[in-house]
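Here is a brief report on a single protein chain. It goes from the overall fold to selected helices and loop residues.

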Amino acid sequence: MLIIGIAGGSGSGKTTVVQAITKQLKERVVVIPQDSYYKDSSHLTAEEKRYMNFDHPDSIDFNLLNEQIKMLKEGRSIEQPVYSYITCSRSKTETITVNPAEVIIIEGILIFTCAELRDQMDIKLFVDADDDDRLMRVMARDIIERGKTVETVIERYSKTVKPMYLQFIEPSKRYADVIIPQGGHNQVAIDILTATIEKSLNCIEGK
C-alpha cells in the first residue's frame with residue numbers, strides 16, 4: 001500500500017491532479033479528502049459560521065484523520081465523516097464506508113501541517129499555481145458549489161484564505177517530495193507521477 005499526500009492552496013488544481021491519477025489507476029485508488037474532517041460547527045450561530053476560518057490547522061480533526069489512515073493501512077475499513085460547507089456541520093447519521101486499496105490519496109490544503117499525518121505518507125506532492133488563478137477558481141467554486149456571494153468570497157479570500165496560505169500552506173511546501181507547477185494543467189508532471197506510482201506498486205507486488 002502507498003499513502004500519497006497531495007497538498008496545495010485553495011484553487012491550485014489539487015482535485016484535477018487527483019482525478020488524473022484515479023483515472024489512470026482506477027480501482028487501485030481511494031481518495032481521503034481533508035474536507036471531510038472539518039470539525040463540526042453546528043453549535044455556532046449563522047453569524048459565527050460566516051467568519052469561520054477553514055484555512056487554519058485547528059479547523060481539522062487531525063486525530064480522527066490520523067486514526068482512520070492507520071486503520072486503512074492495517075487493512076480495515078473506515079466510516080468517513082460527511083461534512084457540509086452549506087451548514088458548516090458534520091452529519092450525525094451519515095458516513096461513507098471506505099475500504100482499503102493499493103493507493104490511498106490524502107488530499108487537502110492543510111495536510112502537510114500535521115507532522116503525524118506527514119509521517120504516514122510515502123509520497124508528498126504540492127500542487128502550485130499562481131495566486132490570480134487560484135483566486136478565480138476559489139470564486140467560481142464557492143459561488144457555484146457553496147452558495148456564497150461574490151462579496152463574501154472576496155472578503156474571505158482577502159481576510160482568511162490569502163493570509164492563511166502565507167502563514168501555513170505555502171511554508172508546508174518544504175515537506176513535499178515533488179512540487180507540481182501550473183496546477184492540474186501540468187500533464188507531463190501528472191504522467192511522470194502516475195508512472196512513478198505504478199512502478200512503486202509493481203515493486204511492492206514483486207517483493
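The text below covers the whole chain, then two helices, then three loop positions.

## Overall fold

This is a predicted model. The protein chain contains 7 helices and 7 strands. Read from the N terminus, its elements run β-α-β-α-α-β-β-β-α-β-α-α-β-α. The radius of gyration is 17 Å, close to the 17 Å that the globule rule gives for 207 residues, so the chain is as compact as a globular protein of that length. Along the principal axes, the C-alpha atoms fill a box of roughly 55 × 40 × 30 Å.

Of the 207 residues, 49% are buried. The chain exposes about 10400 Å². Carbon and sulfur atoms supply 53% of that area. Contacts reach far along the sequence: among those between residues at least 6 apart, 77% join residues at least 24 apart.

## Two helices

H1 and H3 are set out below.

| Helix | Residues in helix | Span, first to last C-alpha | Expected span |
|---|---|---|---|
| H1 (14-25) | 12 residues | 17 Å | 16 Å |
| H3 (62-73) | 12 residues | 16 Å | 16 Å |

Which residues of H1 are buried? They are Lys 14, Val 17, Val 18, Ala 20, Ile 21 and Leu 25. They cover an arc of only 160 degrees around the axis, so they sit on the same side of H1. The general geometry is familiar: an α-helix has 3.6 residues a turn, so residues three or four places apart point the same way.

H3 has its own buried set: Phe 62, Leu 64, Leu 65, Asn 66, Gln 68, Ile 69, Met 71 and Leu 72. What covers these residues? The cover includes four strands, E2, E3 (78-84), E4 (89-98) and E5 (103-107), and also helix H4 (115-119).

Both helices are followed by a residue with positive phi. After H1 comes Lys 26, with phi near 50 degrees. Just after H3, Gly 75 takes a phi of about 85 degrees.

## Three loop positions

**Lys 26.** This residue lies in the loop between H1 and strand E2 (29-33). Its phi is positive although the residue is not glycine. Is Lys 26 buried or exposed? Lys 26 is exposed, because its relative accessible area is 53% and the cut-off for exposed is over 50%.

**Gln 34.** The loop between E2 and H2 holds Gln 34. Gln 34 has a relative accessible area of 0%, so it counts as buried. What does it touch, leaving out residues up to four places away in sequence? The partners of Gln 34 are Ile 60, Glu 107, Gly 108, Ile 109, Leu 110 and Ile 111.

**Asp 61.** This residue sits in the loop between H2 (46-50) and H3. Its side chain places a polar atom 3.2 Å from the backbone nitrogen of Leu 64. Leu 64 is itself one of the buried residues of H3. Beyond neighbours within four places in sequence, Asp 61 is in contact with Tyr 37, Lys 39 and Arg 90. How far is Asp 61 from Asp 40 in space? The two C-alpha atoms are 9.0 Å apart, while Asp 61 and Asp 40 are 21 residues apart in sequence.

Conventions: Residues numbered from 1 in each chain as written. Predicted model: local features only at pLDDT ≥ 70, side-chain atom pairs only at ≥ 80, totals over all residues. Heavy atoms only, no water. Helix = DSSP H or I, 4+ residues; strand = E, 2+ residues; numbered from the N terminus. Contact = heavy atoms within 4.5 Å. Polar contact = N/O pair within 3.5 Å; in protein donor to acceptor, adjacent residues only side chain to side chain. Buried < 20%, exposed > 50% of the residue type's maximum accessible area, 1.4 Å probe, protein only. Expected span 1.5 Å × (residues − 1). Arc of directions from axis to C-beta. Rg over C-alpha atoms; globule rule 2.2 N^0.38 Å. Areas by Shrake-Rupley, 256 points an atom, 1.4 Å probe, with all protein chains shown as cover.
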